[in-house]
Amino acid sequence: MENGYKGLIAEKIIVDMDWEEGYDGKENWIRPVARMRDPMDKDSRCNILCLFPPFFLNRPNNYYKKLLKE
């Protein structure tokens with residue numbers, strides 16, 4: 001993404017959100033996915049998807065903080 005996450009979220013409208021589920025060979029994960037549109041588009045077409053970082057279901061909430069300390 002050339003503009004980055006902050007610019008995308010600030011400039012577009014989230015039409016709806018859904019959850020994507022997956023398995024990476026080791027553990028299950030879920031990730032929110034937002035369908036977005038440009039507020040200036042008069043047809044209200046949803047032509048942008050924003051994939052948020054996945055949540056790994058078997059990891060504690062502080063998993064990444066522990067990795068950073070090591």
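**Exercise 1. Where is Asp24 found?** Place it in the fold, then work out what its side chain and its neighbours are doing.

*Solution.* Bear in mind that this is a predicted model.

Step 1: locate the residue. Asp24 sits in the loop between strand 1 and strand 2.

Step 2: check its exposure. Its relative accessible area is 42%. Buried means under 20% and exposed means over 50%, so Asp24 comes out as partly exposed.

Step 3: look for polar partners of the side chain. A polar atom of the Asp24 side chain lies 2.9 Å from the backbone nitrogen of Lys26. The backbone nitrogen of Glu27 is also 2.9 Å from a polar atom of that side chain.

Step 4: go further along the chain. Leaving out neighbours within four places in sequence, Asp24 is in contact with Trp29 and Phe56. Asp24 and Phe56 are 32 residues apart along the chain, with 9.9 Å between their C-alpha atoms.

**Exercise 2. Glu27 is in a loop too: which one, and is the residue buried or exposed?**

*Solution.* Step 1: Glu27 belongs to the loop between strand 1 and strand 2.

Step 2: its relative accessible area is 12%. The cut-off for buried is under 20%, so Glu27 counts as buried.

Step 3: list what it touches. Beyond its neighbours within four places, Glu27 is in contact with Gly22, Phe56, Asn58 and Arg59.

Step 4: have a look at the turn itself. The hairpin of strand 1 and strand 2 has 4 residues between the strands, and Gly25 takes a positive phi near 95° there.

**Exercise 3. Sort out the pairing of strand 2: how many bridges join it to strand 1, to strand 3 and to strand 4?**

*Solution.* Step 1: start with strand 1 (residues 13-23). Strand 1 and strand 2 (residues 28-37) run antiparallel and are joined by 10 bridges. To find the register, take Ile13, which stands opposite Arg37, and Glu20, whose bridge partner is Arg31.

Step 2: move to strand 3. It pairs with strand 2 over 4 bridges, in the antiparallel sense. Here Arg35 faces Leu49.

Step 3: finish with strand 4. Strand 2 and strand 4 run antiparallel as well, with 2 bridges, and Ile30 stands opposite Phe55.

Step 4: ask how much of strand 2 is covered. Buried residues account for 7 of its 10, so strand 2 is largely enclosed by the rest of the structure.

**Exercise 4. Which residues make up the largest nonpolar core?** Then follow one of them outwards.

*Solution.* Step 1: the core has 5 residues, namely Leu8, Ala34, Met36, Cys50 and Phe52.

Step 2: pick Phe52. Setting aside residues within four places in sequence, Phe52 is in contact with Tyr5, Ile9, Met17, Arg31, Pro32, Val33 and Ala34. Ala34 is thus both a contact of Phe52 and a fellow core member.

**Exercise 5. Compare two more loop residues: where are Lys12 and Pro54, and what do they touch?**

*Solution.* Step 1: Lys12 is in the loop between helix 1 (4-11) and strand 1. Its side chain makes a polar contact with that of Asp38, at 3.4 Å. Not counting residues up to four places away, Lys12 touches Met36, Arg37, Asp38, Pro39 and Ile48.

Step 2: Pro54 lies in the loop between strand 3 (48-51) and strand 4 (55-56). At 26% relative accessibility it is partly exposed, and beyond its neighbours within four places it contacts Trp29, Ile30 and Arg31. Its C-alpha is 9.0 Å from that of Glu21, although the two are 33 residues apart in sequence.

**Exercise 6. What is the overall pattern, and where is confidence lowest and highest?**

*Solution.* Step 1: there are 2 helices and 4 strands, following α-β-β-β-β-α along the sequence.

Step 2: of the 70 residues, 23% are buried. Among contacts with a separation of 6 or more, 37% are between residues 24 or more positions apart.

Step 3: the average pLDDT is 80, and 81% of the residues score at least 70. Confidence peaks in strand 1, at 92, and is lowest in helix 2 (residues 63-69), at a mean of 62. Where pLDDT is low, don't read the predicted coordinates in detail.

Methods:
Residues are numbered from 1 along each chain as its sequence is written. Side-chain values use heavy atoms; hydrogens and water are left out. Two strands pair if DSSP finds at least two bridges between them. A nonpolar core is a set of buried Ala, Val, Leu, Ile, Met, Phe, Trp, Tyr and Cys residues joined through side-chain atoms within 4.5 Å. Buried means under 20% relative accessible area, exposed over 50%, partly exposed in between (1.4 Å probe, protein chains only). Contact means heavy atoms within 4.5 Å. A polar contact is a pair of N or O atoms within 3.5 Å; within protein, one must be able to donate a hydrogen and the other to accept it, and residues adjacent in sequence count only if both atoms are side-chain atoms. pLDDT is the predictor's confidence in each residue, from 0 to 100.
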